[in-house]
Every structure is written in C-alpha cells, then in structure tokens.
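Got your viewer open? Here is a tour that goes stop by stop, telling you what to select and what you'll find there.

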Amino acid sequence: VGTVTYGTAAGPGGPRPIAGNFTNVRTGTRSLSGYGQATLDVTPQLHLTGGLRYTTEKRTSEANTYRVDAAGTTTPVLTGIDRSLRFEKLTWRFSASYDVSDDAMIYTSYNRGFKSGGYNVQVVTLPPFEPETLDAYEVGAKTQFFDRRLTLNGSLYYYDYKNVQVARSVNGLVGTYNADGETIYGGELEVAARLTDRFTISGGYAYIHARYNAFPGAQVGTPRPGGGYTVALGDATGNTVQLTPTHSISLVGDYTTPLASGELKLTANYTFNSRYFQEPDNQARQPAYSLVGASAKWTSES
C-alpha cells in the first residue's frame, strides 16, 4: 500500500520511485467456529428451530512505513507496527413456522449475527475498528394459489445494528471506522404468476427506512462556494444510511416458444431505485433512476 510516484530514470535500471511514502503491510486472520441447529415439530403444522454459533477470531497486522526522496533514498518513518486483536462472539437463530395449508406458510424469526473488527491496512496510523453486531427480527408469509400458478411472498423486518462499520476516505485512501448504531426497518413483497405454460411474469417491491440512530463522530463534508468540500468530523445522527434507496421495484416477463430447431426464450425486465446517498453526511446523492433491459436466448435441440 502506498503513494509512490514512478517515472523513467535516465540510464540503466528502468522505472524507479521518484518520491513519496509507501507502506508494507502483512495481515492475517485465524477464525475458529462451531455451530449447531435443531428443528422441533411441535405439531404437523408447527415447527420450532433454534441454533447457536460460537466464533473466535484473531486478527494480526504488521506494518512498516518508509519515505522515498527524489534521489531514491529510503528512510524509515514508522517501523515495527506489530498488533493483534481477538474477537469472540456467541450468536444465534430462533424461528417458528406454521403451515396454514399445503400452499401457505407463515413464519417469524430472531437472529443475531456479527462481523469481526480489524485493522486499517491502507492507513496504518488509524486505530482498529470494532466488530459490528446485528439483531434481526422478521415476520412473513409464503403462499401459492391456483394450483401453484401464482406465488405471493411478503415479509416485514426490523434490524438493530451496533458499532456499524463504515468506510471513509483519508487523503485518497480508504479506511474504516464505526458508527455507534443504526436502525433499519421495512418490508418486501414478491409476486410470480405463470399466466400460461409459456408466459410468466414476476415482480417485487421493497421499502427500506434506514437511519443512523447514533453517529456523533462521522466524517462530514461541507460544500465550498468555489466547489469541492471541506471535510471534518461532525454528527450524522438521524441521517439516512448510505447506499440505501427507500423504494425499489422490479418487474420481469419471460416468454418461451418452441422453434423448428430448439427453443426461444424472450425476457424483458424493469427496475427502479429511488435516490440514495453516497456518504453518511448525506451530501453527495444518486438521483432516482430506472433500468430497462431485454434479452433473447436460443437453445438448440441438442
């Protein structure tokens, strides 16, 4: 990892570093986990599932930073940065499902998961980032109608994140730091219909409400009158989580027809995403957009 600039030197030797800083980083991860899961059929219709997982991870990082001047002389800046971290976590899954009929099922679940922390290998002077934890709650239904020609699935969910890992830019390099927490809730609806033996349509809609409920040390950009941004630490509490559109829609149609030699499948699709933000400070944004596509696939008899 580094910011060394290369140029062509006069004489033998070919390209060589002209000036800049560079860092040698060696990282390692050792992870050990064990898990178990069991399902109990309380009745022919009611099923209870429980599972536990224990994970222990060790993260190591060795780094040395050097400065190269215009003459090609190398000078150590930071050496012997040798660190290690260990993360241990017990996570679980509990769910219940009920078969209303042969073609309908309702369910609920509670899951806890975690993603271990680590080191910023591009900016070794930054502190390590903490592991994030997610508590996820969900209820939903999966159904089929008309001799399974129509499928309708829906769900509602609530996510509670702690120590969310967020990427940030540090002098053109990427680092990771933690938001205290974020809350996400929403719902999804999926529909698929086989209108004829050759023609099917499917679609879906998703609503997501995602906010940082605590992010006092966020990287915040303030627009400058002449262009660009002034970056400093600020409070992003209450802001929308980055890269998360509130509304998403998809629609797909498939038509298959036999040919004299093989089969032809025609597909058309449409997707829509509402606007979303690129960073936690909610300054740079991607406006809402739609995508339309189509394809044709021919399969020979052989």
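Before counting anything, a word on terms: helices (H or I, at least four residues) and strands (E, at least two) are DSSP runs, numbered from the N terminus. Also keep in mind that you're looking at a predicted model.

**Stop 1: the whole chain**

Colour the chain by secondary structure. How many helices and how many strands does the protein chain have? The tally is 0 helices and 16 strands. The radius of gyration of the protein chain is 26 Å, well over the 19 Å that the globule rule gives for 302 residues, so the chain is more spread out than a compact globule. Turn it around and you'll see a C-alpha trace that spans about 80 × 55 × 50 Å along its principal axes.

Now switch on the surface. The accessible surface comes to about 18,100 Å², with 56% of that belonging to carbon and sulfur atoms. Of the 302 residues, 30% are buried. If you display contacts with a separation of 6 or more, 56% of them are between residues 24 or more positions apart.

**Stop 2: the inside**

In soluble globular proteins, nonpolar side chains tend to be buried together. Select V166, A179, Y212, F215 and A218: these have the most contacts inside the largest nonpolar core, which has 16 residues. Which elements give two or more residues to this core? They are β6 (132-145), β7 (150-170), β8, β9 and β10 (218-223). β7 gives the most, with 4 residues.

Stay with Y212 for a moment and show what surrounds it. Leaving aside neighbours within four places in sequence, Y212 is in contact with V166, A179, G181, E182, A236, T237, G238, N239, T240, V241, Q242 and P280.

**Stop 3: a nonpolar patch on the outside**

Back to the surface. Select F145, F146, L152, L189, V191, Y205, I249, L251, Y270 and V292, and you'll light up a nonpolar surface patch of about 920 Å². β8 (173-194) and β12 (247-259) each supply at least two residues of this patch.

Click on Y205, one of the patch residues. Y205 sits in strand β9 (residues 199-214). Is Y205 buried or partly exposed? It counts as partly exposed, because its relative accessibility is 35%.

**Stop 4: the loop between β6 and β7**

F146 belongs to the patch too, and its place is in the loop between β6 and β7. Zoom in there. F146 is exposed, with a relative accessible area of 64%. D147 has its place in the loop between β6 and β7 as well, and it is exposed, with a relative accessible area of 70%.

Check the backbone angles while you're here. Most residues other than glycine have a negative phi. Phi of F146, though, is near 55°, a positive value, and phi of D147 is near 60°, also positive.

**Stop 5: the salt bridges**

Side chains of opposite charge can pair when their charged atoms come close. A count of the salt bridges comes to 6.

Start with R148. Which residue does R148 form a salt bridge with? Select D103: the closest N and O atoms of this pair are 3.0 Å apart. The bridge links distant parts of the chain, with R148 in the loop between β6 and β7 and D103 in the loop between β4 (74-101) and β5 (104-115), 45 residues apart. R148 counts as partly exposed at 48% relative accessibility, and D103 counts as partly exposed at 29%.

Next, select D135 and R112, where the closest N and O atoms are 2.8 Å apart. D135 lies in strand β6 and R112 in strand β5, so this pair ties together parts that are 23 residues apart in sequence. D135 counts as buried, at 9% relative accessibility, while R112 is partly exposed, with a relative accessible area of 23%.

Then select K162 and D160, another salt bridge, whose closest N and O atoms are 2.8 Å apart. K162 is partly exposed, with a relative accessible area of 42%. D160 counts as buried at 18% relative accessibility, because the cut-off for buried is under 20%.

For the last selection, pick R149, R194 and D197: salt bridges that share partners join them into one network.

Methods. Residues are numbered from 1 along each chain as its sequence is written. Side-chain values use heavy atoms; hydrogens and water are left out. Patches are made of residues with over 30% relative accessible area and no salt bridge: like charges are joined within 9 Å, nonpolar side chains (Val, Leu, Ile, Met, Phe, Trp, Tyr) within 5 Å. Accessible areas come from the Shrake-Rupley method with a 1.4 Å probe; for residues, only the protein chains shown count as cover. A salt bridge is a side-chain nitrogen of Lys or Arg within 4 Å of a carboxyl oxygen of Asp or Glu. Buried means under 20% relative accessible area, exposed over 50%, partly exposed in between (1.4 Å probe, protein chains only). A nonpolar core is a set of buried Ala, Val, Leu, Ile, Met, Phe, Trp, Tyr and Cys residues joined through side-chain atoms within 4.5 Å. Contact means heavy atoms within 4.5 Å. The radius of gyration is taken over C-alpha atoms; the globule rule is 2.2 Å times the number of residues to the power 0.38.
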